[in-house]
Amino acid sequence: MQKEDDRYRAPALDKGLDILELLASVDGGLTQAEIAKQMDRSPNEFYRMLDRLVRRGYVTRIDGDRYSLTLKLFGLSQLHAPVRRLVSYATPLMRELAETSWQANQLVVFDRGCAVVIAQQEAPRYWGISIRVGSHISLFDTGSGHVLLAFRSPEEREMMIAEHLRSNEKFAPPPDFFERLDQVRDRGYEMMASLQTTGVYNLSRPVLASDGKAIAALTIPYMPLANAPEAPDITRTLDLLKIMAEKLSSLAGFEPDKKD
C-alpha cells in the first residue's frame with residue numbers, strides 16, 4: 001500500500017525544487033556534474049530540468065558551464081502584498097533615518113524559519129555597514145533576530161525557534177537566551193555588540209502591528225565614525241531609531257495605549 005505522503009508525489013517538480021534549493025545554498029554556482037554529485041544522481045537526469053529553469057529565468061549560466069540562481073525567485077517573493085506594502089511605507093523613513101543618523105539601516109522580517117532582510121538603506125556618507133536585501137540572518141545572535149522573537153508570545157517564540165532549527169540544525173540558542181529576550185521586550189529595544197563584525201553595535205527596535213506583536217525589526221548596524229564629532233553618538237542614534245520605528249509602527253496600525 002502506498003504511503004500517505006507519497007500518494008501525490010510529483011518527481012519532476014521535486015527534482016526542480018531540489019535544484020533551486022541546492023543552488024540557493026552555494027555561492028558561485030555549480031556545474032551540471034557538481035549538481036548531480038551533490039544530489040547523488042546521474043548528470044543526464046538534470047539536463048532537461050536545468051534547460052527549463054534557464055529558459056524560465058530562474059537559473060542562469062555563468063562562466064560557460066556553471067549554473068546559478070537569478071533574482072527571479074526573490075522578485076516573486078516581493079510581489080507578496082503585505083511585504084511590498086511594508087517596504088513601500090518604510091523606504092522614505094529608512095532614508096530619513098540614514099540621513100539623520102549617518103548610519104545604514106535595514107528592515108528584517110521572519111519568514112519560514114529565517115530572519116530575512118527585505119529592505120536596506122545605505123549610509124549617506126563614505127563609511128557604513130550594509131547587508132544585502134534577501135540575506136538570511138540568525139535569530140539567535142543578531143539584534144534583529146532578538147527583537148523579532150522578543151515581541152512575540154512565548155508560544156510563538158517556541159514555534160519560530162523550532163522552525164529556525166529545522167533549517168539551521170547546527171545552531172542553538174544559549175542557555176540564558178529567553179531571559180535575554182525578556183530583557184529586550186522590557187526595555188523596548190536591543191543593543192548588542194555585533195557577533196559578526198568587530199566594532200559594530202546592533203541597535204534594533206520592533207515595528208509593531210495593531211496587536212503589539214513585531215512584524216519586523218528596524219536595525220542600525222552602528223559604527224562609530226572617527227574624525228566626525230558632529231555625527232550622532234550611539235545614544236542619539238538610539239533616539240532616532242526609536243522615532244522611526246514608532247512612525248512605522250503607527251503606519252502598521254499600532255496604538256501604544258492598546259499594547260498587550
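Ala-193 stands opposite Tyr-201 in strand 8. The model is predicted. In it, strand 8 covers residues 201–208 and runs antiparallel to strand 7, to which four bridges join it. The points below treat this strand pair, then Thr-219 in strand 9, then Lys-37 in helix 2.

**Strands 7 and 8**
- Strand 7 spans residues 190–193, and its side chains alternate along its length.
- Glu-190 and Met-192 point to one face of strand 7 and are buried.
- Met-191 and Ala-193 point to the other face and are not buried.
- Ala-193, which is thus on the face that is not buried, is the residue of strand 7 that faces Tyr-201 across the pairing.

**Thr-219 in strand 9**
- Thr-219 is placed in strand 9, which comprises residues 214–222.
- Thr-219 is classed as buried because its relative accessibility is 2%, whereas the cut-off for this class is under 20%.
- The side chain of Thr-219 forms a polar contact of 2.6 Å with the side chain of Ser-144.
- Ser-144 also appears among the contacts of Thr-219 beyond four places in sequence, together with Ala-104, Asn-105, Gln-106, Leu-203 and Ser-204.
- Of these partners, Leu-203 and Ser-204 fall within strand 8, residues 201–208.

**Lys-37 in helix 2**
- Lys-37 belongs to helix 2, which runs over residues 32–39.
- Lys-37 has a relative accessible area of 74% and is therefore exposed, the threshold being over 50%.
- The C-alpha atoms of Lys-37 and Leu-20 are 15 Å apart in space, and the two residues are 17 residues apart in sequence.

Key
Residues are numbered from 1 along each chain as its sequence is written. This is a predicted model: local features need pLDDT of at least 70, side-chain atom pairs count only at pLDDT 80 or more; totals for chains, interfaces and linings use all residues. Side-chain values use heavy atoms; hydrogens and water are left out. Helices (H or I, at least four residues) and strands (E, at least two) are DSSP runs, numbered from the N terminus. Buried means under 20% relative accessible area, exposed over 50%, partly exposed in between (1.4 Å probe, protein chains only). A polar contact is a pair of N or O atoms within 3.5 Å; within protein, one must be able to donate a hydrogen and the other to accept it, and residues adjacent in sequence count only if both atoms are side-chain atoms. Contact means heavy atoms within 4.5 Å. Two strands pair if DSSP finds at least two bridges between them.
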